[in-house]
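I opened my notebook to record what I looked up in this structure. My entries are short and follow the order in which I checked things.

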Amino acid sequence: MKRIALWSASACLLVPALASAQQPMDLQLPTHAKAGQCFARVLVHATYRAETVPVILRDAHESVQVRDPVFKSEVKTFQLSDAYKDYVVTPPTFRTEQQKIVVRPAHERLRASPAVIGTRPVTVVIREPRLVWRPGSKGSDVRRIDAATGEVFCLLEEPAKTAVMHREVQITPAQVTRETVPAVEETVMRRYLVTPPTVREVLVKAETKDIKVDTLIEPAREVRTKVEPRMGSMQREVEVTPECYEWVPVVCVDTPEGKQSIQAVQRALAARKLYSGPIDGVVGPKTKQALAAFQRASGLPGQGSLTVETTRALGL
């Protein structure tokens with residue numbers, strides 16, 4: 001069986017660890033219990049006392065102050081530009097007139113009409129009429145009788161030889177017509193000089209400016225001062241009694257009187273706006289939460305257990 005170490009101090013059990021819920025607890029039970037009483041092992045928080053201890057609120061250090069540089073101001077005149085001669089030019093003046101310019105003179109334009117050509121038949125002599133000798137048999141009735149008579153020839157006029165051809169002939173001759181084209185003019189604006197430009201000499205003085213100039217008299221410097229530490233005090237909590245567990249009497253819930261007591265506690269907690277569950281006499285999760293909230297607010301041990309001290313604090 002696993003045992004848990006116990007320490008006794010002012011009827012308080014210092015238990016570093018709890019046994020498992022499945023194992024029986026070998027703990028020192030309360031010896032002053034009477035029949036019909038119930039006890040719960042609750043956590044009692046540690047108590048502390050306050051004591052004042054000195055603390056350093058600010059360490060010793062050096063305070064550094066700086067002194068700005070010191071200047072002496074004076075006004076000085078600076079020349080921004082030299083004197084020089086400038087020239088003022090007066091532009092010329094003009095008068096304007098309209099003027100017409102002949103850009104193309106008047107002239108004649110010639111248009112040619114080609115000749116009209118047609119065709120007609122023409123008889124052409126391709127051979128002039130001529131005199132030719134032909135054998136008598138062809139030109140007369142004379143015939144050769146014997147070899148002594150000789151061959152007979154006749155001088156005949158042969159007519160001219162002609163042929164018909166189609167020749168292009170001029171029906172209407174080519175003609176030229178004349179057309180007069182007028183001159184082309186352009187209007188321009190002619191400027192005539194009225195007054196010529198002039199130049200006038202002007203003397204420009206030197207330009208100066210007065211400027212405030214600072215002269216360093218004393219440079220910047222630092223001043224160091226030793227500052228002592230600042231002491232104070234603070235409240236420190238010193239443990240008087242350690243945190244522990246102790247047996248406290250609780251209301252027995254397994255009896256009819258216990259159920260009535262739980263119902264009374266539920267009503268008291270509901271009156272304090274801590275409980276909103278049913279008034280059923282059962283210590284359920286909501287009842288335990290309400291009890292724990294009341295115990296924390298009242299500084300009572302219990303952690304949700306219905307201790308007798310809690311019922312007294314509720315006025316029951």
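**Entry 1: Valine 194 and its strand**

I began with valine 194, which lies in strand S15, residues 184-195. I noted that the model is predicted. Is valine 194 buried, partly exposed or exposed? I looked up its relative accessibility and found 49%. Valine 194 counts as partly exposed because exposed means over 50%.

Next I checked what valine 194 touches. I left aside its neighbours within four places in sequence. That gave me contacts with Thr93, Phe94 and Arg95. I also looked at proline 92, which is 102 residues from valine 194 along the chain. Their C-alpha atoms are separated by 7.4 Å.

**Entry 2: Charges over rings**

I then looked for arginines over rings. Which ring has the charged end of arginine 191 over it? I found that it is the ring of phenylalanine 94, with the charged end 4.0 Å from the ring centre. Phenylalanine 94 was already in my notes as a contact of valine 194. Arginine 190 lies over the face of tyrosine 192, at 4.2 Å from the ring centre.

I searched for aromatic pairs too. How many does the whole structure hold? The search finds 0.

**Entry 3: Isoleucine 117**

I moved to strand S10, residues 116-127, where isoleucine 117 is found. Its relative accessible area is 48%. I wrote it down as partly exposed, because that value lies between the 20% and 50% cut-offs.

Which residues does isoleucine 117 contact, leaving aside its neighbours within four places in sequence? I listed Glu168, Val169, Gln170 and Ile171. I also checked threonine 172, which is 55 residues away from isoleucine 117 in sequence. From C-alpha to C-alpha, the two are 7.1 Å apart.

**Entry 4: The whole chain**

I stepped back to count elements. The chain has 4 helices and 20 strands. It has 316 residues, and 17% of them count as buried. The chain exposes about 24,500 Å². Carbon and sulfur atoms supply 53% of that area.

I also looked at contacts with a separation of 6 or more. Residues 24 or more positions apart account for 77% of them.

**Entry 5: The loop before H3**

I looked at lysine 273 next. Its place is in the loop between helix H2 (256-271) and H3. Its phi is near 65°, a positive value in a residue other than glycine. Is lysine 273 buried or exposed? I found it exposed, because its relative accessible area of 74% is over 50%.

**Entry 6: Helix H3**

Lysine 286 lies in helix H3, which covers residues 285-298. I checked the span of H3. The helix has 14 residues and reaches 20 Å from its first C-alpha to its last. That is close to the 20 Å expected at 1.5 Å a residue.

Which residues of H3 are buried? I noted Thr287, Ala290, Leu291, Ala292, Phe294 and Gln295. Alanine 293 is also found in H3. At 23% relative accessibility, alanine 293 counts as partly exposed, because buried means under 20%. The C-alpha atoms of alanine 293 and tyrosine 275 are separated by 9.7 Å, and the two are 18 residues apart along the chain.

I returned to lysine 286 for its contacts. Leaving aside its neighbours within four places in sequence, lysine 286 is in contact with Tyr275 and Gly277. Its C-alpha atom is separated by 9.8 Å from that of glycine 304, which is 18 residues away along the chain. Glycine 299 follows H3, and its phi is positive, near 70°.

**Entry 7: The largest nonpolar core**

I finished with the largest nonpolar core, which has 11 residues in all. Its members are Ile262, Val265, Ala268, Leu269, Tyr275, Ala290, Leu291, Phe294, Leu300, Leu306 and Leu314. H2 and H3 each supply at least two residues of this core. Which helix gives the largest share? I found that H2 does, with 4 residues.

I took leucine 300 from that list and looked up its contacts. Not counting residues up to four places away in sequence, leucine 300 touches Phe294, Gln295, Glu309, Thr310 and Ala313. Phe294 is itself among the members of the core, and Gln295 is one of the buried residues in H3.

Key. Residues numbered from 1 in each chain as written. Predicted model: local features only at pLDDT ≥ 70, side-chain atom pairs only at ≥ 80, totals over all residues. Heavy atoms only, no water. Phe/Tyr/Trp six-rings, centres within 6.5 Å; stacked < 30°, edge-to-face > 60°. Lys NZ or Arg CZ within 6 Å of the ring centre and 35° of its normal. Contact = heavy atoms within 4.5 Å. Expected span 1.5 Å × (residues − 1). Buried < 20%, exposed > 50% of the residue type's maximum accessible area, 1.4 Å probe, protein only. Areas by Shrake-Rupley, 256 points an atom, 1.4 Å probe, with all protein chains shown as cover. Core = buried A, V, L, I, M, F, W, Y, C linked by side-chain atoms within 4.5 Å.
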